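The following note sets out points for a colleague who is examining the model. Each numbered paragraph takes up one topic.

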Amino acid sequence: VSFKMAGSENPFADPSEVNPFLDPSIQQAAQEKPPQYDEYNPFVEDPTTKTEDTEPVIPAPPSKEEIKGKNLLEKKKKKEKAKAPERPPDPQPAVLNPTEANAPPTPFHDDMLKKEEELAARERALSEREKAYGVADPRPNNFPPLPAWCPVKPCFYHNIKDEIPPSEQWMMRLILILWGFYVFVLFYNCICCLAALFVIQPEWTPIYGASFGVSIFYLLAWPPISLLCWYMPLYRAYRKDSSLSFMCFFFVFALQIISFGLYAIGFPNFGTSGFWLGGLLFNSANVQPNSGGVVVGAMMIISGFMWAILFVPGAFLLFRIHSYYRRSGMTLEQAQNEALTAAAKNKTVRKAAKQAVVTGTKAAMTE
């Protein structure tokens, strides 16, 4: 038995056993060096893995179960919508048919549109004025126009340009001129009656003296009464489109026109110098010699013509304003409703009605 050096061979190995590590291919693989791998750092970008373009992700198509569930949900919503009560449609503005829109406007329609535009313009002017002053009614009274030294101050605010419809402003100005001329004629009438006292014979003194006294009463009473009873009601009627104010104006102004005709005649003891009393002064038997009776008589005749001038335009303006009243669509029933509303708002009327109810109730309980 031959022994080899230690370390070269396994002394305990079976001589017939084959060592697999002696295979040449295995020995060659064992001699090759393994590849060197660098340490991985997740926070450092690897240029080898960076790609310029990424392919888009295409979602997967829905499955049959998802499609079936979606269809069932839509059918359920349709059934619930059919069972729910129908909601009434929202109100829509009225729309004219093509035939109505193309129809030619009537005169009444034009008047109504014009009136609406005027009212809207007046409301805008009033609101702008209120905003400018910052209060509800900042306007000072300016009518009737009185001098500063007069102890009586203006009682009303008067502005035809801003408060009266443009189509009727000329009419309101004519009425204002008529009222001013009426005041002047009252003053002139008083002077004529006073002058007649210096030229008549003594037996006519009671007649002309009474006329002069009544003329003073007319001069002091009729201007404010006419202002309150027919001029300002007409002004309010135009400003507020009040049927009640128009009715008050028609009634009082009609009486005023009748009085103009009577004043023009100049009846004795009636307080006016007209054609009758002026004609008597042309008779020399009724006047003092060389006293100028003819001149005073002519003054009275002129006064009669002034009363006639008041009568004729006054009648024309009355009919013209009544025509506007009818064209505006106002009625007597509307005036009655306005009167009832005004009475219901009046504190004195409500207090009197309450007192009457209390008194009636107490009387019924005592019985």
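1. The loop between α7 and α8 is the place of Asp-241. The backbone deserves attention here: Asp-241 is not a glycine, although its phi is positive, at about 55°. The model is a predicted one, and this phi value of Asp-241 is computed from it.

2. The two helices on either side of that loop should be considered together. Helix α7 covers residues 205–240 and helix α8 covers residues 243–265; they pack with their axes 8 Å apart, at an angle of about 145°. The α7/α8 crossing is left-handed.

3. Which residues make the contact between α7 and α8? On the α7 side they are Tyr-218, Trp-222, Ser-226, Cys-229, Trp-230, Pro-233, Leu-234, Arg-236, Ala-237 and Tyr-238. On the α8 side they are Ser-245, Phe-246, Cys-248, Phe-249, Val-252, Phe-253, Gln-256 and Tyr-263. By class, the contact of α7 with α8 comprises 14 nonpolar residues, three polar ones and one charged.

4. Helix α8 also contributes to the surface. Phe-251, Leu-255, Ile-258, Leu-262, Ile-265 and Trp-276 make a nonpolar surface patch of about 590 Å². Helix α8 supplies the largest share of this patch, namely five residues. One of the patch residues, Leu-255, has its place in helix α8.

5. Turning to charged pairs, how many salt bridges does the structure hold? There are two salt bridges in the structure. One of the pairs is formed by Arg-239 and Glu-163, whose closest N and O atoms are 3.9 Å apart. The cut-off for a salt bridge is 4 Å, so the Arg-239 to Glu-163 pair, at 3.9 Å, falls within it. This pair links distant parts of the chain, since Arg-239 belongs to helix α7 and Glu-163 to helix α5, with their positions 76 residues apart.

6. A further backbone feature should be checked in the loop between α4 (107–133) and α5 (160–163), where Pro-144 is placed. The peptide bond that joins Phe-143 and Pro-144 is cis, with omega at about 0°.

Conventions: Residues numbered from 1 in each chain as written. Predicted model: local features only at pLDDT ≥ 70, side-chain atom pairs only at ≥ 80, totals over all residues. Heavy atoms only, no water. Axes fitted to C-alpha atoms, helices over the stretch in contact; angles between N-to-C directions. Helix = DSSP H or I, 4+ residues; strand = E, 2+ residues; numbered from the N terminus. Left-handed = near helix turned anticlockwise from the far one by under 90°. Contact = heavy atoms within 4.5 Å. Nonpolar A, V, L, I, M, F, W, Y, C, P; charged D, E, K, R; others polar. Patch = residues over 30% accessible without salt bridge, like charges linked within 9 Å, V, L, I, M, F, W, Y side chains within 5 Å. Areas by Shrake-Rupley, 256 points an atom, 1.4 Å probe, with all protein chains shown as cover. Salt bridge = Lys/Arg side-chain N within 4 Å of Asp/Glu carboxyl O.
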